[in-house]
Amino acid sequence: TELERPIDKHSQKLIATYIELLLDYCNRFYDRQFITRNKVNSDVIVRFEQLVNEYFASDRPSKEGLPEVKMFASQLCLSPNYFGDLIRKECGISPQEYIQNTVIRLAKERLMDTSSTVAQVADSLGFQYSPYFSRLFKKVVGQTPSEFRMSV
């Protein structure tokens, strides 16, 4: 009725306030699911870490490339958006950042082995183009892979 017959200047403000209250309740219930499901959430995080480690321990990166967040969300039977929110709330970083951190950690380990070239390390981690790997590595570590290898 308020919308159909706005009698005064307060009607629009009241409607907006009611909508805001409703949205606040929705946000509250959405946030609550992360709080009330701590055990389930920690299990999801442990499983996500296992899946990421298994992926990079296999030969899948060189065949399939860098993994996408939606692949892990699907394996955990969660929507990508919910999965992203859950990881961000529990870990403080996005799933993509977690994967990227894992890639950099593994790259550092593999670069210490001087028998493989930087391009081979990049390929083994799923990078289609080694220059992209070098740019990402330098952005995160502050050195190119070659510089890192010489400094170790």
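Is Phe-56 buried or exposed? Phe-56 is buried, because its relative accessible area is 2%, and the cut-off for buried is under 20%. This is a predicted model, and Phe-56 is a good place to start reading it.

## The nonpolar core

Phe-56 belongs to a bigger group. The largest nonpolar core has 32 residues. Phe-56 is one of those with the most contacts inside this core. Others listed with it are Phe-48, Phe-72, Phe-83, Ile-99, Leu-125 and Phe-133. Several helices build this core. Helix H2 (38–57), helix H4 (69–75) and helix H5 (80–91) are among those that each supply at least two residues. Helix H6 (95–111), helix H7 (118–124) and helix H8 (130–141) each do so too. In soluble globular proteins, nonpolar side chains tend to be buried together.

Now look at what surrounds Phe-56. Set aside its neighbours within four places in sequence. Phe-56 then contacts Pro-61, Pro-67, Ile-99, Thr-102, Val-103, Leu-106, Arg-110 and Leu-125. Two of these names, Ile-99 and Leu-125, also appear among the core residues with the most contacts.

## Aromatic rings

The whole structure holds nine aromatic pairs. One joins Phe-48 and Tyr-98. Their ring centres lie 5.1 Å apart, and the planes meet at 45 degrees. That pair is tilted. It links distant parts of the chain: Phe-48 sits in helix H2 and Tyr-98 in helix H6, 50 residues apart. Phe-48 and Tyr-98 are both buried.

Tyr-55 and Phe-56 form another aromatic pair. Here the centres are 5.4 Å apart and the planes are 85 degrees apart. This pair counts as edge-to-face, because the angle between the planes is 85 degrees and the cut-off is over 60. Tyr-55 is buried, with 2% relative accessibility. Both pairs fall within one aromatic cluster, made of Phe-48, Tyr-55, Phe-56, Phe-72, Phe-83 and Tyr-98.

## Salt bridges

How many salt bridges does the structure hold? There are six. Side chains of opposite charge can pair when their charged atoms come close.

Asp-59 pairs with Lys-63, with closest N and O atoms 2.9 Å apart. Asp-59 is partly exposed at 41% relative accessible area, while Lys-63 counts as exposed at 64%. Arg-60 and Glu-64 form another salt bridge, at 3.3 Å from N to O. Because Arg-60 and Glu-64 are four residues apart in helix H3 (residues 60–64), about one helical turn separates them. Arg-60 is partly exposed at 27%, and so is Glu-64 at 49%.

Helix H6 carries a salt bridge too. Glu-109 and Arg-105 both lie in this helix, four residues apart, about one turn. Their closest N and O atoms are 3.5 Å apart. Glu-109 is partly exposed, with a relative accessible area of 46%. Arg-105 is partly exposed as well, at 39%.

## Cysteines

How many disulfides does the structure hold? It holds zero. Take Cys-91 as an example. Cys-91 is in no disulfide, and the nearest cysteine sulfur, that of Cys-77, is 19 Å away. The cut-off for a disulfide is 2.5 Å, so these two sulfurs do not qualify. Cys-91 counts as partly exposed, at 35% relative accessibility. Cys-26 is also partly exposed, at 44%.

Cys-77 deserves a closer look. Cys-77 lies in the loop between H4 and H5. Its relative accessible area is 70%, so Cys-77 is exposed. What is the sign of phi at Cys-77? Phi is positive, about 60 degrees, although Cys-77 is not a glycine. Most residues other than glycine have a negative phi.

## A buried loop residue

Loops can hold buried residues here too. Ser-94 is found in the loop between H5 and H6. Its relative accessible area is 11%, so Ser-94 is buried. Leave out residues up to four places away in sequence, and Ser-94 touches Ile-87 and Arg-88. Compare the two loop residues: Cys-77 is exposed, whereas Ser-94 is buried.

Note on methods: Residues numbered from 1 in each chain as written. Predicted model: local features only at pLDDT ≥ 70, side-chain atom pairs only at ≥ 80, totals over all residues. Heavy atoms only, no water. Core = buried A, V, L, I, M, F, W, Y, C linked by side-chain atoms within 4.5 Å. Buried < 20%, exposed > 50% of the residue type's maximum accessible area, 1.4 Å probe, protein only. Contact = heavy atoms within 4.5 Å. Salt bridge = Lys/Arg side-chain N within 4 Å of Asp/Glu carboxyl O. Phe/Tyr/Trp six-rings, centres within 6.5 Å; stacked < 30°, edge-to-face > 60°.
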